[in-house]
Amino acid sequence: EHVNLIPMLQDCIRAFTVTYKRKIKFSSDFDQLELSCDREKMNQLFYILIDNACKYSQEDVNVTVDHVDGLVKVDIQDFGEGIAEQDVERIFDRFYRVDKARSRETGGTGLGLPIAQFIARSHGGEISVVSEEGNGTVFTVSIPH
Ligand code: ATP
């Protein structure tokens with residue numbers, strides 16, 4: 001199925017802007033970016049990451065689309081508490097939640113990221129993360145284009 005990623009992301013952002021009453025900034029040099037993918041699954045992937053960015057931060061969230069070397073890259077950046085180095089490698093494990101009051105308060109099962117990673121990989125892609133405790137987190141979704 002050919003899906004235009006740009007309106008998909010814009011719809012997703014609109015929904016979370018309303019839910020969280022938060023500013024989510026969208027940047028893209030393209031109006032159209034066709035990706036061959038499962039629409040529902042790709043939607044679910046971005047819902048998980050944007051939901052997390054809003055859940056685990058108080059500030060604005062940035063969503064940036066880029067297209068480099070045959071890869072579509074989507075950055076989801078927040079300026080929240082970040083993830084400690086020893087936790088980063090475990091957040092894609094099923095049911096893993098960073099053991100802090102904040103993640104207990106926000107609720108959740110710890111299944112979001114493993115599902116998102118599974119969806120990215122089933123499209124030949126990957127999710128990577130760069131996080132700095134106290135400063136925030138960037139999740140990057142890379143999908144072959
Ligand atoms: P749910 O299954 O409802 O998404 P969850 O958010 O706990 O619950 P995951 O999405 O798998 O589950 O995330 C795992 C853990 O990684 C979270 O509990 C949280 O501690 C941490 N985490 C995920 N995204 C972020 C983020 N943007 N900033 C800080 N910590 C995060």
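Trainee: What covers the buried residues of helix H2?

Mentor: The cover includes strand E1 (2-4), helix H1 (5-20), strand E4 (61-68), strand E5 (71-78), helix H5 (112-122) and strand E7 (136-144). Helices (H or I, at least four residues) and strands (E, at least two) are DSSP runs numbered from the N terminus. This is a predicted model, in which local features need pLDDT of at least 70 and side-chain atom pairs count only at pLDDT 80 or more, while totals for chains, interfaces and linings use all residues. Residues are numbered from 1 along each chain as its sequence is written.

Trainee: Which residues of H2 are called buried?

Mentor: They are Met42, Leu45, Phe46, Ile48, Leu49, Ile50, Asn52, Ala53 and Cys54. A residue is buried if 20 or more other C-beta atoms, placed from the backbone, lie within 10 Å of its own, exposed if 12 or fewer, and partly exposed in between.

Trainee: How do you know what span is expected of H2?

Mentor: The rule is 1.5 Å times one less than the number of residues. H2 covers residues 39-55, which makes 17 residues, and its first and last C-alpha are 24 Å apart, close to the expected 24 Å.

Trainee: What makes up the largest nonpolar core?

Mentor: A nonpolar core is a set of buried Ala, Val, Leu, Ile, Met, Phe, Trp, Tyr and Cys residues joined through C-beta atoms within 7 Å. Here the largest one has 30 residues, and Leu45, Leu49, Ile50, Ile76 and Ala116 have the most contacts inside it. H1, H2, E4, E5, H5 and E7 each give two or more residues to this core, and H2 gives the most, with eight.

Trainee: What is Leu49 in contact with, leaving aside its neighbours within four places in sequence?

Mentor: Its partners are Ile76, Ala116 and Phe139. Contact here asks for C-beta atoms, placed from the backbone, within 7 Å.

Trainee: Why is Val138 called partly exposed?

Mentor: Val138 has 17 other C-beta atoms within 10 Å, so it falls in the partly exposed class. This residue is found in strand E7. Outside its neighbours within four places in sequence, Val138 is in contact with Asp75, Gln77 and Val130. Its C-alpha lies 5.5 Å from that of Ile76, although 62 residues separate the two along the chain.

Trainee: Which residues form the covered face of E5, and which the uncovered one?

Mentor: Val72, Val74, Ile76 and Asp78 form the covered face, while Leu71, Lys73, Asp75 and Gln77 form the uncovered one. In a regular strand the side chains alternate between the two faces of the sheet.

Trainee: How do you know that E4 and E5 pair?

Mentor: Pairing requires at least two bridges found by DSSP, and E4 and E5 have eight, in the antiparallel sense. His67, for instance, has Val72 in E5 as its bridge partner. The hairpin of these strands has two residues between them, and Asp69 takes a positive phi near 50°. E5 is also joined to E7 by eight bridges, again antiparallel, with Val74 opposite Val141.

Trainee: Why does the radius of gyration agree with that of a compact globule?

Mentor: The globule rule, for a radius taken over C-alpha atoms, is 2.2 Å times the number of residues to the power 0.38. With 145 residues that comes near 15 Å, and the protein has 14 Å, so the two agree.

Key: Two residues are in contact if their C-beta atoms, placed from the backbone, lie within 7 Å.
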